[in-house]
Amino acid sequence: MTFDDGPSDNTEELLDGLELYDAKVTFFVIGKNAEEYPELIKREAAECHEIGNHTYTHINVAKSGYDKVYEEITKTQEEIKKVLDDLENKLDTYFYILF
């Protein structure tokens, strides 16, 4: 199961429900939202959910040039890595960052 366009105000409640059922999902995050809600990204990773890249501002990649798409994906990867950098050695379980 995947959830797109987060994190957002609803993500914490969603994570609580997933935890209740020990369910794991993939969160395709928007970079600017990851920047706004870093604690939720950390929680997603700490609870062993997959984290995927959904561009920085949710551009329409079909209508954007290569350089813009590359910039959006790269900026989001950098933001996710920045948020999770301090968690990297503290996680005792495996999670992915999808490209």
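This briefing walks through the fold, the core, the salt bridges and a few unusual backbone spots of one protein chain. The model is predicted, so local features need pLDDT of at least 70 and side-chain atom pairs count only at pLDDT 80 or more, while totals for chains, interfaces and linings use all residues. Residues are numbered from 1 along each chain as its sequence is written, and side-chain values use heavy atoms, with hydrogens and water left out.

**The overall layout**

- The protein chain has four helices and four strands; here helices (H or I, at least four residues) and strands (E, at least two) are DSSP runs, numbered from the N terminus.
- Start at the N terminus and you meet the elements in the order β-α-β-α-α-β-α-β.
- Of the 99 residues, 38% count as buried. Buried means under 20% relative accessible area, exposed means over 50%, and partly exposed is in between (1.4 Å probe, protein chains only).
- The chain exposes about 6,300 Å², and carbon and sulfur atoms supply 51% of that area. Accessible areas come from the Shrake-Rupley method with a 1.4 Å probe, and for residues only the protein chains shown count as cover.
- Take the contacts with a separation of 6 or more: residues 24 or more positions apart account for 68% of them. A contact means heavy atoms within 4.5 Å.

**Helix α1 and its two sides**

- Helix α1 covers residues 11-20, and Thr-11, Leu-15 and Leu-18 are buried in it. They sit on the same side of α1 because they cover an arc of only 60° around the axis (the arc is that of the directions from the helix axis to the C-beta atoms).
- Flip to the other side of α1 and you find Glu-13 and Leu-20, which are exposed.
- What do the buried residues of α1 pack against? Their partners are β2 (26-29) and α3 (38-46).
- After α1 comes Asp-22, whose phi is positive, near 50°.

**The nonpolar core**

- In general, nonpolar side chains tend to be buried together in soluble globular proteins.
- A nonpolar core is a set of buried Ala, Val, Leu, Ile, Met, Phe, Trp, Tyr and Cys residues joined through side-chain atoms within 4.5 Å.
- The largest nonpolar core here has 14 residues, and Phe-27, Val-29, Ile-41, Ile-51, Ile-80 and Leu-84 touch the most other members. The elements giving two or more residues to this core are α1, β2, α3 and α4 (66-84).

**Salt bridges**

- A salt bridge is a side-chain nitrogen of Lys or Arg within 4 Å of a carboxyl oxygen of Asp or Glu. By this rule the count is eight.
- Arg-43 forms a salt bridge with Asp-16, with the closest N and O atoms 2.7 Å apart. Arg-43 lies in helix α3 and Asp-16 in helix α1, so the pair ties together parts that are 27 residues apart in sequence.
- Arg-43 is buried, at a relative accessible area of 17%, whereas Asp-16 is partly exposed at 40%.
- Arg-43 also meets Glu-47 in a salt bridge (2.6 Å, N to O), and both of these residues are buried.
- Put together, Asp-16, Glu-19, Arg-43 and Glu-47 are linked in a network of salt bridges.
- Over in helix α4, Glu-79 pairs with Lys-82 in a salt bridge (3.3 Å, N to O). The two are three residues apart in α4, which means about one helical turn separates them.
- Is Glu-79 buried or exposed? Glu-79 counts as buried at 9% relative accessibility, while Lys-82 is exposed at 54%.
- Leaving aside residues up to four places away in sequence, Glu-79 touches Gly-31, Ala-34 and Glu-35.

**Loops and unusual backbone spots**

- Asp-9 is in the loop between β1 (2-6) and α1 and counts as exposed, at 65% relative accessibility.
- The side chain of Asp-9 makes a polar contact with the side chain of Tyr-37 (2.7 Å). A polar contact is a pair of N or O atoms within 3.5 Å; within protein, one must be able to donate a hydrogen and the other to accept it, and residues adjacent in sequence count only if both atoms are side-chain atoms.
- Pro-7 is also in the loop between β1 and α1, and a cis peptide bond joins Gly-6 to Pro-7, with omega about -5°.
- Cys-48, in the loop between α3 and β3 (50-53), is not a glycine but has a positive phi of about 70°.
- Thr-55 is in the loop between β3 and α4. Its phi is positive too, near 70°, and Thr-55 is buried with a relative accessible area of 8%.
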